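These are my notes from a session of looking things up in one structure. I went through cysteines, two loop residues and one helix pair.

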Amino acid sequence: MNFRDTACNHLASYKVDRLGVKENGEFHYRGEILKKAHILPRNHLKLNIIEEYRDRFFDSEYASITLHKYFHHLNSSQAMCINLFYPLIAENKLELATKFLGITSATNFEACFEKESDVESADRRTSFDFHTRYSKTQELFVEVKYTEEGFGKATFDNAHKEKFKDTYLPLVERSHFLTDTCRDEDFFLSHYQVLRNLVHISETRQVVLLFPAANAAVAKEADDAYKMMLMDAGKEKCKRVFLDELVAFLETDGSLKDYYSQFREKYLPPHIPDAINHIG
């Protein structure tokens, strides 16, 4: 059984045992309506935010974002991202996340979810799951994966080819952080999503790829991207982070320990194996 199946089976039990919801939610797929045990009924989608911060989040300005179509799926990476970072925003403790990343002098945080690119010229631009600006000029762009089976590639159609030529090729050509291989159209489209993230690296911007250690498919693609797509300067600006390790660090904070233990119970229970011991 792969990571996705194991996680979804766990979340199906979590829905009943922890949230008290026995009804299965609906997944619309290729004209069919499928009932799935790890999906919440849409009228219960707010339950996908962990109870301790649920009301505070939905009463806050941060809830003005557009929720993803599948936000009611308990394995929604958008919901997981909110559950991970919103408590740090609410408690003014975002410095815990930057400290974990080795950034010790971060101050004056501004944070948001679903940060839209400000360097792309396209009508439909890349959106990062989480973003924070700190110390006035430094920025972190965070791409979060949970049960996804990779970063995704583009269709080799005229629309994507034109977008590569008009939007992404100029960004790659100006970058001092990406390898020359990234200028190749076929290569870029084959690694479309991760490269759309990496083109945002600059002297003042870092990109974080965040995912569970046990998601071997995402871990391999992140590792390949780090090795094949980044110059040495780019490698210094890209961090591949195991969700497990970040949560373990956040659990060391006394006031947040219980909350992040609940987060771990939902997303990283012991029976979901740690399939990877390190990033190469």
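**Cysteines**

I started with cysteine 81, which is buried at a relative accessible area of 2%. The model is a predicted one, and I kept that in mind throughout.

Which cysteine sulfur is closest to that of cysteine 81? I found it in cysteine 112, at 10.0 Å, which is too far for a bond. A disulfide needs the two sulfur atoms within 2.5 Å.

I then looked up cysteine 238. Its relative accessibility is 5%, so I logged cysteine 238 as buried. The closest cysteine sulfur to that of cysteine 238 belongs to cysteine 182, 11 Å away, and therefore no bond can be drawn there.

I also ran the search over the whole structure, and the number of disulfides returned was 0.

**Isoleucine 201**

Cysteine 238 came up again in the contact list of isoleucine 201. Neighbours within four places in sequence aside, that list also holds Phe177, Val207, Leu230, Gly234 and Lys237.

I placed isoleucine 201 in the loop that runs between helix H7 (192-198) and strand S6 (205-211). Is this loop residue buried or exposed? I noted a relative accessible area of 5% for isoleucine 201, which is under the 20% limit, so the residue is buried.

I checked one C-alpha distance as well. Glutamate 139 lies 62 residues from isoleucine 201 in sequence, and the two C-alpha atoms are 9.6 Å apart in space.

**Glutamate 251**

My second loop residue was glutamate 251, between helix H10 (243-250) and helix H11 (257-267). With a relative accessible area of 14%, glutamate 251 is also on the buried side, because buried means under 20%.

What does glutamate 251 touch, beyond its neighbours within four places in sequence? I wrote down Lys257, Tyr260, Ser261 and Arg264. With arginine 264 there is a polar contact between the side chains, at 3.0 Å.

**Helices H2 and H3**

Last, I looked at helix H2 (residues 51-58) against helix H3 (residues 77-90). Their axes come within 10 Å and cross at roughly 70°. I therefore entered H2 as roughly perpendicular to H3.

From H2, the residues that meet H3 are Tyr53, Arg56 and Phe57. On the H3 side I listed Ile82, Tyr86, Pro87 and Ala90. By class, the residues of this contact come out as 6 nonpolar, no polar and 1 charged.

How values were computed: Residues numbered from 1 in each chain as written. Predicted model: local features only at pLDDT ≥ 70, side-chain atom pairs only at ≥ 80, totals over all residues. Heavy atoms only, no water. Helix = DSSP H or I, 4+ residues; strand = E, 2+ residues; numbered from the N terminus. Buried < 20%, exposed > 50% of the residue type's maximum accessible area, 1.4 Å probe, protein only. Contact = heavy atoms within 4.5 Å. Polar contact = N/O pair within 3.5 Å; in protein donor to acceptor, adjacent residues only side chain to side chain. Axes fitted to C-alpha atoms, helices over the stretch in contact; angles between N-to-C directions. Parallel < 35°, antiparallel > 145°, perpendicular 65-115°, else oblique. Nonpolar A, V, L, I, M, F, W, Y, C, P; charged D, E, K, R; others polar.
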